[in-house]
Amino acid sequence: MKLAGSARLDALCGEYLLGTLRGPARARFERALREEPRVALRFAHWQRTFTPRYSKLIEAQPSGEITE
């Protein structure tokens, strides 16, 4: 089954970006990234959209201060 035509393509891209796509589903998505240009293009779109906006939040470390 080709993922390029899947109604869940955007959801799969998001799950892969977040690291929640696991096991056989992850392997199938990675294969689709290599073999299906439309999947790779859609994933690149989500990388450009997601990464700059949230990468600073993901990299942020807690200050260690306790506030009440």
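**Figure 1. Long-range contacts across the whole chain.** Among contacts with a separation of 6 or more, 52% join residues 24 or more positions apart. This is a predicted model, and the chain in it has 68 residues, of which 19% are buried. The fold contains 3 helices and 0 strands, giving the pattern α-α-α when read along the sequence. The accessible surface amounts to about 5,400 Å², with 55% of it belonging to carbon and sulfur atoms.

**Figure 2. The largest nonpolar core.** Here we zoom in on a set of 11 residues: Leu3, Ala4, Leu9, Leu12, Cys13, Tyr16, Leu21, Phe29, Ala32, Val39 and Phe43. Three elements each give two or more residues to this core, namely helix 1 (9-18), helix 2 (23-35) and helix 3 (37-59). Helix 1 provides the largest share, with 4 residues.

**Figure 3. Phe29 and its surroundings.** Phe29 has a relative accessible area of 1%, so this residue counts as buried. Who are its partners once neighbours within four places in sequence are set aside? Phe29 is then in contact with Leu3, Leu9, Leu12, Cys13, Tyr16, Leu21, Val39 and Phe43. Each of these partners can be found in the list of residues that make up the core, as can Phe29.

**Figure 4. The tilted pair of Tyr16 and Phe29.** The count of aromatic pairs in this model is 3. In one of them, the ring centres of Tyr16 and Phe29 are 5.0 Å apart and the planes meet at 40°, so the pair is classed as tilted. Tyr16 belongs to helix 1 and Phe29 to helix 2, and the pair links these distant parts of the chain across 13 residues. Is Tyr16 buried or exposed? Its relative accessibility is 17%, and the cut-off for buried is under 20%, so Tyr16 counts as buried.

**Figure 5. The edge-to-face pair of Tyr16 and Phe43.** Tyr16 also forms an aromatic pair with Phe43. In this view the distance is 5.4 Å centre to centre, and the angle between the planes is 75°, an edge-to-face arrangement. Because Tyr16 lies in helix 1 and Phe43 in helix 3, the pair ties together parts that are 27 residues apart in sequence. Phe43 is buried as well, with a relative accessible area of 9%. Step back a little and the rings come together: Tyr16, Phe29 and Phe43 form one aromatic cluster.

**Figure 6. Glu36, a buried acidic residue.** Now we turn to the loop between helix 2 and helix 3, where Glu36 is found. Which side chain of opposite charge is nearest to Glu36? That side chain is Lys2, at 4.9 Å. Glu36 is buried yet has no salt bridge, because a salt bridge needs a side-chain nitrogen of Lys or Arg within 4 Å of a carboxyl oxygen. Leaving aside neighbours within four places in sequence, Glu36 is in contact with Lys2, Leu3 and Ala4. Two of these partners, Leu3 and Ala4, also appear in the nonpolar core.

**Figure 7. His45 and Asp10.** Our last stop is His45, a residue of helix 3. With a relative accessibility of 26%, His45 counts as partly exposed. Asp10 is 35 residues away from His45 along the chain, and the C-alpha atoms of the two are separated by 9.8 Å.

Methods:
Residues numbered from 1 in each chain as written. Predicted model: local features only at pLDDT ≥ 70, side-chain atom pairs only at ≥ 80, totals over all residues. Heavy atoms only, no water. Core = buried A, V, L, I, M, F, W, Y, C linked by side-chain atoms within 4.5 Å. Buried < 20%, exposed > 50% of the residue type's maximum accessible area, 1.4 Å probe, protein only. Contact = heavy atoms within 4.5 Å. Phe/Tyr/Trp six-rings, centres within 6.5 Å; stacked < 30°, edge-to-face > 60°. Lys, Arg positive; Asp, Glu negative; His and termini not counted. Areas by Shrake-Rupley, 256 points an atom, 1.4 Å probe, with all protein chains shown as cover.
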